[in-house]
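Thanks for coming. I will go through one model this morning, taking the ligand site, then the sheets, then the helices.

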Amino acid sequence: MNHTDAIVSIQQISKAFGKQQVLEDINLEINEGEIFGLLGPSGAGKTTLVKQLIGLELPTSGDTYLFQEKMPSLNLIERVGYMAQSDALYGELSAKENLQFFASLYGLKGKAQQQRINEVMEIVQLTDHLSKLVSNYSGGMKRRLSLAISLLHEPELLILDEPTVGIDPVLRKSIWEAFYELKKNGKTIIVTTHVMDEADKCDRLGLMRDGRLIAIGTPEELKEKTNSATIEEAFLVYGGAKS
Ligand SMILES: Nc1ncnc2c1ncn2[C@@H]1O[C@H](COP(=O)(O)OP(=O)(O)OP(=O)(O)O)[C@@H](O)[C@H]1O
């Protein structure tokens with residue numbers, strides 16, 4: 001039974017692959033309208049954690065609740081948008097055809113579909129490349145198209161695994177503006193990142209290392225508590241304090 005009204009409640013989640021312990025006793029609650037960042041070095045377990053959030057991986061022990069419903073649950077698919085780290089796109093189709101395919105899966109049709117496709121492509125600034133084949137897209141363009149697809153059905157909760165990898169700083173800024181706009185409309189966003197200046201843009205952060213959440217707080221709190229000028233420094237202090 002889940003007693004919290006958080007949108008995401010992760011309770012004592014552990015995950016092992018064979019002998020390797022990848023997540024260890026993770027407890028975390030995320031509230032409606034928050035932009036929550038999961039920050040940590042490569043291999044810390046960020047992707048594994050977000051995958052088990054949406055039911056793509058099952059934990060070895062512990063429970064996860066989304067919208068107070070225990071995961072995995074197929075009922076929640078329409079309320080959650082997920083952008084994986086590797087792009088799941090059809091290279092032999094145009095961007096528009098990719099968007100139409102995913103929009104149809106969510107039951108978006110006709111004029112509403114066309115309008116939403118235009119809106120999401122505007123957000124990621126790819127409107128001029130709608131009819132281009134995805135195989136001719138650059139890596140950064142593919143990331144932006146994947147992000148556009150995850151926004152199509154206007155999910156209440158967006159889970160984005162390194163959404164801005166390979167995206168230049170100017171466009172990254174405009175994508176973050178889009179995140180704030182979504183937040184203003186009450187959406188909740190979980191984003192994994194390596195990028196420290198992105199971490200500062202989150203409402204709260206979870207610092208991950210070696211499968212553990214070593215600290216949770218607002219960027220300001222984390223810096224204050226460790227007497228650090230930057231999140232990077234704070235991370236090192238928490239990381240060092242652990243071992
Ligand atoms: N399906 C799997 N089978 C075995 N080991 C796995 C599997 N998926 C992940 N791992 C291992 O779990 C650990 C955590 O990986 P994960 O991808 O969650 O880290 P991450 O923090 O997201 O890293 P990155 O930032 O590089 O994506 C790694 O050691 C990885 O090799």
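**The ligand site**

The shell around the ligand is made of 3 nonpolar, 7 polar and 1 charged residue. Keep in mind that this is a predicted model.

Which residues surround the ligand? From the N-terminal side, there are Phe17 and Val22, then Gly40, then the run Ser42, Gly43, Ala44, Gly45, Lys46, Thr47 and Thr48, and finally Gln85. Which element gives the most to that shell? That is helix 1, residues 46-53, with 3 residues.

**The four-stranded sheet**

Now the sheets. One of them is open, has 4 strands in the order 2-1-4-5, and is paired antiparallel. Strand 2 and strand 5, the latter being residues 69-70, are the edges; each has a single partner strand, so one side of each has no neighbour in the sheet.

Strand 1 covers residues 8-17 and strand 2 covers residues 20-30; the two run antiparallel and are joined by 7 bridges. Two pairs give the register. Ser9 is opposite Glu29 of strand 2, and Ile13 is opposite Ile26 of strand 2. The connection is a hairpin with 2 residues between the strands, and Gly18 in the turn has a positive phi of about 60°.

Strand 1 is also joined to strand 4, residues 61-66, by 5 bridges, and this pair runs antiparallel as well. Here Ile10 stands opposite Thr64 of strand 4.

There are two backbone points to look at in this part of the chain. Most residues other than glycine have a negative phi, and most peptide bonds are trans. Gln12 is not glycine, yet its phi is positive, near 50°. Where does Gln12 lie? In strand 1. The other point is the peptide bond between Met71 and Pro72, which is cis, with omega about 0°. Pro72 sits in the loop between strand 5 and strand 6.

**The six-stranded sheet**

That loop takes us to the other sheet. It is open too, with 6 strands in the order 6-7-8-3-9-10 and mixed pairing. Why is one side of strand 6 and of strand 10 left without a neighbour in the sheet? Strand 6, 80-83, and strand 10, 212-217, stand at the edges, and each has a single partner strand. On average, neighbouring strands of this sheet are turned by 15° against each other, direction ignored.

At the strand 10 edge, strand 9, residues 204-209, pairs with strand 10 in the antiparallel sense over 5 bridges. Leu207 has Ala215 in strand 10 as its bridge partner.

At the strand 6 edge, helix 4 lies across strand 6 and strand 7, the latter being 157-161, and runs at about 170° to strand 6.

**The helix contacts**

Helix 4 also packs against another helix. Helix 2, residues 95-105, and helix 4, residues 139-151, pack at an angle of about 25°, with their axes 10 Å apart. That angle makes helix 2 roughly parallel to helix 4. The crossing of these two is right-handed. On the helix 2 side the contact is made by Ala95, Asn98, Leu99 and Phe102, and on the helix 4 side by Leu145, Ala148 and Ile149. By type, the residues of this contact are 6 nonpolar, 1 polar and no charged.

Helix 2 has a contact with helix 3, residues 110-123, as well; their axes come within 10 Å and cross at roughly 125°. Helix 2 and helix 3 are therefore oblique to each other. Their crossing is right-handed. Which residues meet there? Lys96, Leu99, Gln100 and Ala103 of helix 2 meet Gln113, Arg116 and Ile117 of helix 3. The residues of this contact divide into 3 nonpolar, 2 polar and 2 charged.

Leu99 is worth pointing at on the screen: it is listed in the contact with helix 4, and it is listed again in the contact with helix 3.

**To close**

To recap, there is a ligand shell to which helix 1 gives the most residues, an open antiparallel sheet in the order 2-1-4-5, and an open mixed sheet in the order 6-7-8-3-9-10. Helix 2 is roughly parallel to helix 4 and oblique to helix 3. I will stop there.

Definitions and conventions:
Residues numbered from 1 in each chain as written. Predicted model: local features only at pLDDT ≥ 70, side-chain atom pairs only at ≥ 80, totals over all residues. Pairing = 2+ DSSP bridges. Near = placed C-beta within 6 Å. Nonpolar A, V, L, I, M, F, W, Y, C, P; charged D, E, K, R; others polar. Axes fitted to C-alpha atoms, helices over the stretch in contact; angles between N-to-C directions. Parallel < 35°, antiparallel > 145°, perpendicular 65-115°, else oblique. Left-handed = near helix turned anticlockwise from the far one by under 90°. Contact = placed C-beta atoms within 7 Å.
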